[in-house]
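User: Could you take a close look at one part for me, the place where the two protein chains meet? I'm new to this, so please explain the terms as you go.

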There are 2 protein chains.
Amino acid sequence: MTASPSASRDMASSRVFDTLKQDLIRGRFAAGEKLAISALKDHYQVGLSPLREALNRLAAYGLLEQVNQRGFRVPAMHLEELDDIAGLRTQLECMALTQAFQAGYSEWESQVLAAHHRLRRADEHPERVEEWEQAHLRFHRALLASCGSHWLLRFIEQLHDQFDRYRRLAPPNPAVRKVLDRQHGELVELALSRDIRAARALLDDHIRMSHSVARGCCELPASDDNT
Amino acid sequence: MTASPSASRDMASSRVFDTLKQDLIRGRFAAGEKLAISALKDHYQVGLSPLREALNRLAAYGLLEQVNQRGFRVPAMHLEELDDIAGLRTQLECMALTQAFQAGYSEWESQVLAAHHRLRRADEHPERVEEWEQAHLRFHRALLASCGSHWLLRFIEQLHDQFDRYRRLAPPNPAVRKVLDRQHGELVELALSRDIRAARALLDDHIRMSHSVARGCCELPASDDNT
DNA sequence: TTGAGTAAAAAAATCGATTTTGTTGAGATG
DNA sequence: CATCTCAACAAAATCGATTTTTTTACTCAA
């Protein structure tokens with residue numbers, strides 16, 4: 001789940017890194033907001049050192065900004081940046097998809113099918129949003145997993161997190177969700193039949209649709225409020 | 001120069017981040033080596049907290065590995081990974097180059113010319129290796145700077161650092177250096193004439209050449225020694 | 001009223017010490 | 001002789017307190 005630190009459930013800094021990361025992606029903090037370190041310390045029940053280490057990791061990961069001598073703040077959100085993220089994500093995922101189709105064998109197919117099954121299961125309980133989100137993330141991960149490039153997967157993961165930060169601003173939309181879900185199923189079929197061209201086009205559409213949904217909600221939130 | 005923390009010359013943690021980052025890229029530590037934190041503390045003349053914060057950032061950046069409850073270690077180096085890095089770097093830089101050519105205007109052209117001039121100047125003093133390295137990095141940065149994608153540039157920078165970690169293992173080779181230098185000049189010309197196709201091919205060659213040089217030295221160092 | 005200067009308060013960064021965890025090796029046991 | 005246990009040690013992670021820097025609040029002069 002975490003990007004960089006081959007995480008450990010035993011370290012306070014890793015624990016707070018994971019939860020803070022999720023909270024940032026879920027939009028629990030306002031864009032541009034300055035983080036009050038001592039408040040976080042109380043909220044997450046950790047000491048200063050592990051908290052600061054987690055904040056440093058998140059800043060290096062791009063989910064926080066660290067400024068000179070005045071702490072950490074949540075990055076502002078701009079329509080422009082969303083477009084950048086979505087466009088690059090499309091390119092990198094299509095690249096990875098192509099390689100995954102070329103390199104993937106039966107183990108990969110099994111993992112994709114399994115992940116898709118879990119995603120459909122999660123679909124049956126629309127109220128458990130976080131479970132669906134996790135299954136969704138894992139499905140897309142499984143789809144590209146066999147691409148063979150550690151670094152490409154790493155960047156895609158990072159972009160996905162950034163993208164979700166925008167996408168999560170949008171309210172749930174059952175109609176859109178239904179379309180996206182159908183696309184997931186089609187992606188699985190195209191993966192099994194190794195139809196690269198069609199799969200790339202579909203993945204492109206898939207991201208484009210989430211993109212336009214997120215785009216609709218991006219202008220609303222203030223881009224630079226301070227606290 | 002640094003990737004994530006909009007750096008400040010005033011923070012101990014940022015200072016040690018920068019120097020440690022350079023030392024890692026320059027290969028001052030053996031691949032796979034476990035870092036002795038208290039030794040680093042003495043060597044870099046900082047306290048534990050800023051040092052640990054820097055280590056955490058470097059781990060999130062991918063220049064260190066953090067393991068459970070046993071500190072930090074320098075990532076092992078594998079031929080396989082070098083190929084991954086080089087391949088992805090080629091793709092991303094070609095992508096950025098194309099966009100840069102489309103979007104770049106006179107200010108960009110000026111910056112490219114200026115950076116190239118500084119690189120040629122640095123060439124005149126082969127003994128000042130670090131100056132050349134910096135000028136080289138800045139030249140490539142200037143070439144892609146106008147591509148318009150913050151995230152693409154960020155990933156390229158990260159890959160460049162990873163690539164250099166391998167490339168720096170190779171001993172200086174004046175013959176290769178001469179070819180690479182000529183290519184820099186040609187890239188400038190192609191940038192000014194906006195010859196995208198030729199420039200992409202040349203950039204591909206350029207990276208491929210560094211890649212093969214680095215490749216020659218990658219099998220020698222032990223891939224997983226512990227301390 | 002505004003603006004520069006300054007002192008008090010708040011926040012961030014850092015330090016030193018403590019706690020926790022992992023590692024090593026001697027001795028006991030099968 | 002191999003393996004297991006457990007104490008002693010070393011290292012990492014964390015805590016609490018201190019130092020440094022920024023921000024705020026206030027005074028006084030233009």
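Analyst: Here is a walk through the meeting place of chains A and B, with a glance at the DNA afterwards. This is a predicted model, where local features need pLDDT of at least 70, side-chain atom pairs count only at pLDDT 80 or more, and totals for chains, interfaces and linings use all residues. Residues are numbered from 1 along each chain as its sequence is written, while chains are lettered from A and ligands numbered from 1 in the order in which they are written.

On chain B, 32 residues are in contact with 32 residues of chain A (in contact means that the C-beta atoms, placed from the backbone, lie within 7 Å). The elements of chain B giving two or more residues to this side are H3, strand S1 (65-66), helix H4 (79-103) and helix H7 (150-167). Helices (H or I, at least four residues) and strands (E, at least two) are DSSP runs, numbered from the N terminus. H3(B) brings the largest share, eight residues. By class, chain B's side has 13 nonpolar, twelve polar and seven charged residues. Ala, Val, Leu, Ile, Met, Phe, Trp, Tyr, Cys and Pro count as nonpolar, Asp, Glu, Lys and Arg as charged, and the others, Gly among them, as polar.

The copies meet through the same surface, because 100% of the interface residues of chain B are also interface residues in chain A.

As for the DNA, helix H3 (48-61) of chain B is also among the elements that supply at least two residues of the surface near DNA strand D (near means a C-beta atom, placed from the backbone, within 6 Å).

Conventions. Two residues are in contact if their C-beta atoms, placed from the backbone, lie within 7 Å.
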